[in-house]
Amino acid sequence: MLRAAARRLAPATHATWRIHTRMASMPALAEEPPVQSQPSFPGGEPTGPSMCTPCPGPESERMRAQLGATQETGAVKYFVDMERSRGNYVVDVDGNRMLDMFSHIASLPIGYNNPRMLDVFRDPANLTWLAHRPALFNLPPAGWAERIQSTLMRVAPPGLTHVTTQMCGSCANENAMKQVYIAVANARRTKSGLAGPSPEELESSMVNRAPGAKPYKIMSFHGAFHGRTHGCLSVTHSKPIHKLDVPAYDWPIAPFPELKYPLADNVDENEAEERRCLDAARALMDADPDVVGLIVEPVQAEGGDNHASPGFFRELRRAASDRGVKFIVDEVQTGCAASGSFWAHEAWELDDPPDAVTFSKKMQIAGYYTKADLVPDQPYRVFNTWMGDPSKVLMLEAVIDCVERDGLIANARETGDALKGGLEALVAAYPGKLMNVRGVGTLVAADLASGAERDRAVKELRAEGVDIAHCGEAAIRCRPGLYFTPEHARVFLDAFDRVLRRM
């Protein structure tokens with residue numbers, strides 16, 4: 001799996017991990033123009049960072065104390081001056097301007113105050129959709145079906161024909177798993193010659209017992225993060241703080257590959273590691289017929305930006321298909337162009353599409369795409385009051401228009417190469433301090449020598465005017481917006497060079 005890809009990449013020393021990026025294939029958008037020059041942020045943006053106080057500064061600390069009277073504020077980094085922030089640069093309430101490389105946990109797709117996004121809210125034709133939040137699965141607004149076609153279905157992953165909107169990424173994963181249970185239960189009833197659930201199933205389900213409450217399980221992977229709702233926590237394995245004190249299902253957990261870098265120097269070891277993990281996943285599915293689905297991220301983001309080869313995912317998909325196990329791809333963080341294709345899993349070139357693909361973050365609205373056989377058989381089986389928000393679909397339309405008009409998928413590939421190349425140069429310049437550069441598109445990460453050194457680097461980068469985040473044990477991860485270009489990458493790399501020099 002990895003060997004042939006690594007041989008193809010060997011001459012391109014700064015193109016590590018392009019193994020994951022399908023260079024020749026594009027998503028189901030209108031034709032994206034090739035990048036002739038770097039896309040400019042509409043309306044202009046600052047040329048660099050500017051720091052005038054420590055961050056967080058005194059005004060952020062005052063606001064934190066005020067908010068702390070009614071909320072837990074331990075995760076608050078600083079308060080944002082949304083009006084003064086522009087493009088890739090965030091301004092805090094103390095006047096510090098920073099290059100934003102985390103973009104609100106990878107959820108701000110086209111930058112701060114993008115005129116095309118602001119026009120969504122200025123357009124009188126959108127006013128009634130912005131002023132009313134309907135119960136979408138009971139009383140959708142006129143034009144909702146057409147808008148779904150022109151937005152969500154315009155970028156639907158190949159092979160997936162249905163979409164269900166939701167409130168957040170956790171909701172999307174939770175309900176995608178529910179649809180797997182429902183579809184499997186109905187298929188097994190049909191195979192047994194039953195027309196529907198028995199009275200005993202209906203009655204026992206009301207007291208959480210079999211046969212109505214099924215013993216079905218979803219297989220997940222060590223290092224995974226799929227959300228913080230109850231079911232999602234049982235398939236999340238990234239940090240104890242997410243799960244501590246919360247009851248969980250005893251579901252199977254497979255190992256996820258721990259690859260060595262550079263890829264071209266570790267072909268045999270990485271192939272063996274992926275075989276080990278695939279063998280373990282097959283064994284877990286074979287051991288329990290109640291494993292009816294699995295869920296996997298293209299990049300284990302929260303767990304440390306862990307990657308596997310396209311070949312690994314193809315074999316995993318094949319193993320699931322052979323066993324009748326539904327295959328859910330969690331693209332909450334990787335979807336919407338940042339990986340160098342609209343959906344990161346497109347780079348795997350699967351023979352059989354996923355059964356479900358979940359999304360949120362950069363898509364602005366959450367939800368999931370499915371094949372037709374996962375659509376619930378009755379209303380109210382997957383349901384909540386709002387089932388999404390029409391205003392977020394209007395925002396998504398602006399995002400897709402920007403992706404198409406300004407070649408932002410190709411920009412993610414080009415900028416990702418610049419990021420990885422620059423980080424590899426820093427690895428060479430500071431041996432032992434930085435290592436394991438990896439990524440697809442601008443979803444790029446690298447490790448420092450320890451968690452303490454990583455935390456110091458993140459803090460010092462912010463003092464230099466670059467806001468970046470961490471994940472896993474010792475990784476920093478880049479999650480910029482889609483207008484992040486090689487010029488912005490240079491601002492970050494120069495700042496990181498200064499930080500590493502001092503460490």
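Which residues point one way from strand 9, and which the other way? Hi everyone, let's start there, and please keep in mind that this is a predicted model. Ala366, Tyr368 and Thr370 point one way, while Gly367 and Tyr369 point the other way. Whichever way they point, all of them are buried. Here buried means under 20% relative accessible area. Five of the five residues of strand 9, which runs over residues 366-370, meet that description, so the strand is largely enclosed by the rest of the structure.

Now for the partners of strand 9. Strand 3, residues 162-166, pairs with strand 9 in the antiparallel sense, over five bridges. In that pairing, Gln166 stands opposite Ala366 of strand 9. Strand 8, residues 356-359, also pairs with strand 9 in the antiparallel sense, here over four bridges. Val357 has Tyr369 in strand 9 as its bridge partner. If you like backbone torsions, look at the hairpin of strand 8 and strand 9: there are six residues between the strands, and Lys361 takes a positive phi near 45°.

Let's move on to another sheet. Three strands form an open sheet in the order 1-2-12, with mixed pairing. Its edge strands are strand 1 (89-91) and strand 12 (466-467), each of which pairs on one side only. Strand 2, residues 97-100, pairs with strand 12 in the parallel sense over two bridges, and Leu99 stands opposite Val466 in strand 12. What packs on this sheet? Helix 16 does, touching strand 1, strand 2 and strand 12, and its direction makes about 110° with that of strand 2.

Helix 16 brings us to my last stop. Helix 15 (residues 451-463) packs with helix 16 (residues 486-502) at an angle of about 125°, and their axes are 10 Å apart. Angles over 145 degrees count as roughly antiparallel and 65 to 115 as roughly perpendicular, with oblique for the rest above 35; helix 15 and helix 16 are therefore oblique to each other. The crossing of helix 15 past helix 16 is right-handed.

And who meets whom at that crossing? On the helix 15 side we have Arg456, Ala457, Glu460 and Leu461, and they meet Phe492, Ala495, Phe496, Val499 and Arg502 in helix 16. Sorted by class, this contact has six nonpolar and three charged residues, and no polar ones.

So that's the tour: a buried strand 9, the open sheet 1-2-12, and helix 16, which packs on that sheet and also with helix 15. Thanks for listening, everyone!

Notes
Residues numbered from 1 in each chain as written. Predicted model: local features only at pLDDT ≥ 70, side-chain atom pairs only at ≥ 80, totals over all residues. Heavy atoms only, no water. Axes fitted to C-alpha atoms, helices over the stretch in contact; angles between N-to-C directions. Left-handed = near helix turned anticlockwise from the far one by under 90°. Contact = heavy atoms within 4.5 Å. Nonpolar A, V, L, I, M, F, W, Y, C, P; charged D, E, K, R; others polar. Pairing = 2+ DSSP bridges. Buried < 20%, exposed > 50% of the residue type's maximum accessible area, 1.4 Å probe, protein only.
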